Amino acid sequence: MSYEQVFFLFPLVAGIAFSNVTATAAEEPLIFISAFAPGEKGAIHAYKMNPQTGELKLVERTSDVEHPFFLAVSPDNKFLYSIHAPGKFSGKDNEFVSAFALEGRTGKLKLLNRQSSQGTASCYLDIDKSGKAVVVANYTTGSVASLPVKEDGSLGEPETFIQHTGSSVNPQRQKEPHAHCSVISPDQNFVFAADLGLDKILAYQLNPETAELTPAAQPFVRTIPGAGPRHLAFHPDGKQMYVINELKNSITEFDYNPESGMLIEGQTISTLPEDFTGTSHCADLEFTPDGKFLYGTNRGHDSIAAYQVDDQGKLTLIEITPSLGKGPQNLAVTADGKFLICANMPGNNVVVFQIDAKSGKLSPVGVPVEIPSPSCIMIR
């Protein structure tokens, strides 16, 4: 499948994730970047970041994983999980989730095992804080699955499989379900799945001990018709959840009740300049650790929208900054909140930006790092 075919079927679906446990400020952050490609070209690259300058230095490359769209790391930083789609991405056969052991902070990965993702165009992974449950979203087949994690970090057979059904208003992109992410709530009680094809955010109760998913009391909320919800992010205080809408180029805020899992829709704000008339589609959103700023990507306009977040979770646009590459796919923010990293997937580069602590504005540092089809960044 060519890049152009993947863009039409599943436009730049991979993402960025980072662990809840990261290196201390005195250490060089270890950063894994996956390259979306088949065969030996598909790989997970490991970089060390200079914590003062933001410079990235390649230290290791693992190539026994194909089309590694999305990554997740265990809370104890001992294991890494990756999408693995051998041969053809979004083909007829189900894809896999691979489990790797991390060899300290060397960047080296040791394959433990692989289990079926129960779908195709597998595009998102998350792991709970106990490190016992991994959840995966499958875009093309429109489904969500959960897998238990064994004591040695390897994956057990899928515990739960949930097939989404239905459609929405966009005849080109919403004829059937397309699960685009599966995010575990900060309290670990729920899994929320944004389905671009249904214009819904579906909710499931999570049992971390068994990795079992069951429908929540509020089984879903609808988004704006034709919005195409893509990725979700919780505010660091856990009181709000935000969805970036791929097709409508906007971000919608929901108030979140951790006891019931209920979402109540609030503000929706655009990610694009008012005078922009071209074609663009959103991809990812990331908070700074203190929750003061939120960033979202525009593919087509090729930019990063920056927002200030007030005490009630409402967003105010700060600026829209060029991403310095084509198709800004996903974002990651370092644990100290000093740097934002952007993967420009079709632009074949990764760009580091410094975050102004007072204004939230972005300034590029160093030179872009060349890497083929960077599809996911994970900071350890």
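Let me start with one pair of residues: Asp 195 stands opposite Lys 200 in S14, where a strand label such as S14 refers to a DSSP run of E with at least two residues, numbered from the N terminus. Before going on, I should say that this is a predicted model, in which local features need pLDDT of at least 70 and side-chain atom pairs count only at pLDDT 80 or more, while totals for chains, interfaces and linings use all residues. Residues are numbered from 1 along each chain as its sequence is written, and side-chain values use heavy atoms, with hydrogens and water left out.

The strand that pairs with S14 here is S13, and 6 bridges join S13 (residues 190-195) to S14 (residues 200-207), the two running antiparallel; strands count as paired if DSSP finds at least two bridges between them. Within this pairing, Ala 194 stands opposite Ile 201 in S14. S13 and S14 also form a hairpin with 4 residues between the strands, and Asp 199 takes a positive phi near 55 degrees there.

S13 has another partner, S12, to which it is joined by 5 bridges, again antiparallel, and Ala 179 stands opposite Asp 195 in this case. S12 and S13 form a hairpin too, with 5 residues between them, and Gln 188 in the turn has a positive phi of about 70 degrees.

Now we can step back to the whole sheet, which is open and made of 4 strands in the order S12-S13-S14-S15, with antiparallel pairing. Its edge strands, each pairing on one side only, are S12 (179-184) and S15 (212-222). Neighbouring strands in this sheet are turned by 25 degrees against each other on average, direction ignored, the axes being lines fitted to C-alpha atoms and angles running from 0 to 180 degrees between N-to-C directions.

Why is S13 described as largely enclosed by the rest of the structure? The reason is that 6 of the 6 residues of S13 are buried, where buried means under 20% relative accessible area, exposed over 50% and partly exposed in between, with a 1.4 Å probe and protein chains only. In a regular strand the side chains alternate between the two faces of the sheet. For S13, both faces are covered, since Phe 190, Phe 192 and Ala 194 on one side and Val 191, Ala 193 and Asp 195 on the other are all buried.

Two of the residues already mentioned, Phe 192 and Ile 201, return in the largest nonpolar core, which has 71 residues and in which they are among those that touch the most other members. Such a core is a set of buried Ala, Val, Leu, Ile, Met, Phe, Trp, Tyr and Cys residues joined through side-chain atoms within 4.5 Å. A second, separate core of 16 residues includes Ile 33, Met 49, Ile 341 and Ile 377.

Let me turn to Ala 99, which lies in strand S6 (residues 96-102) and is buried, with a relative accessible area of 0%. Leaving aside neighbours within four places in sequence, Ala 99 is in contact (heavy atoms within 4.5 Å) with several residues, including Leu 80, Tyr 81 and Lys 110.

Finally, the cysteines: how many disulfides are there? The count comes to 0, a disulfide being a pair of cysteine sulfur atoms within 2.5 Å. The sulfur of Cys 123 is 7.7 Å from the closest cysteine sulfur, in Cys 181, and therefore too far for a bond. Cys 342 is in no disulfide either, as the nearest cysteine sulfur, that of Cys 282, is 13 Å away.
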